[in-house]
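Hi,

Here is the structure I promised to pass on. Have a look at it first, then read my notes underneath.

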Amino acid sequence: MADYQSLDIIRRSASTEQPPRVRGGQEVAKLIDVSRCIGCKACQAACMEWNDLRQPVQTCQGNYTNPEDLSPSVWTLMRFTEYENPDGNLEWLIRKDGCMHCSDPGCLKACPSPGAIVQYENGIVDFISENCIGCTYCVKGCPFNIPRINPVDRKVYKCTLCVDRVAVGQAPACAKACPTACIMFGTKADMIVQAESRIADLNSRGFDKAGLYNPPGVGGTHVMYVLHHADNPRLYANLPQNPRISPIVALWKGGFKVVGLAGLALAAVGSFFHYVAAGPDETDSNDETVAFDMAHFEDDRNASEGRGNDVRPSH
Amino acid sequence: MSVLHTDELKRDEQIPRHVHDADRKGRVYVDRYNTTQRINHWITAALFTLLTLSGLSLFHPSLFFLSNLFGGGQDTRAYHPWFGVFLIVSFAMLFVRFVKLNVPNRDDVRWMRKLGNIVQNKHAGLPELGKYNAGQKMVFWGQSALISVMFVSGIVIWDQYFGKYTSIDIKRYALAAHSMAALIAILIIIVHIYAGIWIKGTTRAMIRGSVTGGWAYRHHRKWLRKVALGREEARAGEPGANDPHSPMPGPVSHGPAE
Ligand code: HEM
Ligand code: SF4
Ligand code: SF4
């Protein structure tokens, strides 16, 4: 996928240049109302169609989740959870898993290859495959366990939020295909308003813990969920409660790198100045003489007192 | 591995050293490293350099251009761990060769106390040292520990072959450990290289295999005594062995010395 001039890049992996800011475009978001999902997987099919991806047929794992996991060719996946609620009733929780398009993307932060991951001004986080070197640092950076490496070309893949459709004013393929309008797409501000009305509706139906999943730990996301059990996102196939970039990743990618490089430079420069200040440590001719004598006379204490002077060949 | 049984992996202390008269009159050269040791050292140094350049290119965006040295980012990513595999083999051989002479002792403590004088090239009151001083021993043990850490963590983050064996969280720790260990190891190597520049006559040891007697006398006097003594012992049986007026002898071998 190429970079689109119609979508300015506001962040670029492993790059320190100032990105363009003149347009200050609108943030978009996909809102997934899990309470309206019927598990039909039309979105999965639409994603395969639009992005031209085919996952080889697998075997059934005993539940409806199929294929069994995200993969280089499975960018979105309906995850089915059978949850027995405290009243003893079964709830079938279905969550459409995929990239959350974080405002503060851990994948982008971790990536060492300039321009392999970009964030557009509308908030979409995209992998630019031709710049990807296949290190899988992004896999470690992502708090949602999303990117998947393709062993064939050693490049990572994930949901693009259909950036190629969005750039020309279309909704993502999944949103277009969803028969219950469970997947909505629009500006992020509009989607938050939408979510509020959905949450009010759910509250009135007895889901008093219903809420919006737009986790602040990653600066908010451009894929948001309306959850009926927003107090416990883990119920939904382990959706993280408070996702944030792992502190270990933050440490590894943080100030330590700059301090470390400065340390290396300091050691080199410091060494040079030590040489300038203290000078080389040289062996003087007396050391050589004594050593010569030690090598030629058994008693080096005598030698060092100069016993060998008369036999040492003169220079 | 069959090489482990050949002469090349003789531990350093098992290898006889010689004292030679130098071309310059009144000087001697003292053997310090044999050919296989030197080759082993330089292979290790070359691999470490390749690892540093390829690793640093991924370490910080400002150094990504270094990946061009290896044919681009993908190739750099692919080659780096392989350099690491060769490094661990090469370094393990160095380790076996030199470990015994790098065991710390009391002299090292006394030497370290005088570090302030040593960096000013003042050697008065220093203890006589064996083959290695405390600084050299710290390089040895520091690199041993850090290369081990980098090897283990490097395997964990080598996604292509070992990606499936560990969890993402363990890989996060491994990446952080790997890059921090690399940083400290590079720092140590900078100091190591500088020491070779600062202390005149040192590089000769690793390039030609010998040092001047004066260098040995100034920096590793205990070691020099041992080598020189071994020489005397070897000469003891020869006629006129202890006659100071005998002509300058050629290389004389002797029993085990450091
Ligand atoms: C001993 C065996 C080693 C192995 C198996 C190893 C393996 C790796 C791997 C797999 C990576 C991730 C990038 C990639 O996939 O190529 C990496 C990164 C790196 N390695 Fe190594 N490596 C080793 C030794 C070293 C050494 C000796 C150094 C330098 C002193 C070094 C410095 C680095 C650095 C700086 C990075 C980048 C870390 C970052 O992005 O923060 N490595 N290594
Ligand atoms: S969910 Fe993961 S892959 Fe997607 S933007 Fe966030 S960190 Fe990146
Ligand atoms: S695998 Fe590709 S996208 Fe992911 S961190 Fe490495 S270079 Fe960046």
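Below are my notes on the surroundings of the ligands.

A word on conventions: this is a predicted model, where local features need pLDDT of at least 70 and side-chain atom pairs count only at pLDDT 80 or more, while totals for chains, interfaces and linings use all residues. Residues are numbered from 1 along each chain as its sequence is written, chains are lettered from A and ligands numbered from 1 in the order written, and side-chain values use heavy atoms, without hydrogens or water.

Let's start with ligand 1, which lies between chains A and B. Around it are 24 residues (near means a heavy atom within 4 Å), and the nearest include A:Trp252 and B:His178. Both show up again in close atom pairs: a polar side-chain atom of A:Trp252 is 2.8 Å from an oxygen atom of ligand 1, and an N or O atom in the side chain of B:His178 is 2.7 Å from a nitrogen atom of the ligand. There's a backbone pair too, with a polar atom of B:Leu58 at 3.2 Å from a ligand 1 oxygen. Helices H1 (35-59), H2 (73-98), H5 (134-156) and H7 (168-198) of chain B each give two or more residues to this shell. H1(B) has the largest share, seven residues.

Now ligand 2: 14 residues surround it. Among the closest are A:Cys99, A:Cys102, A:Cys107 and A:Cys142, and A:Met100 is in that group as well.

Cheers

Notes. A polar contact is a pair of N or O atoms within 3.5 Å; within protein, one must be able to donate a hydrogen and the other to accept it, and residues adjacent in sequence count only if both atoms are side-chain atoms. Helices (H or I, at least four residues) and strands (E, at least two) are DSSP runs, numbered from the N terminus.
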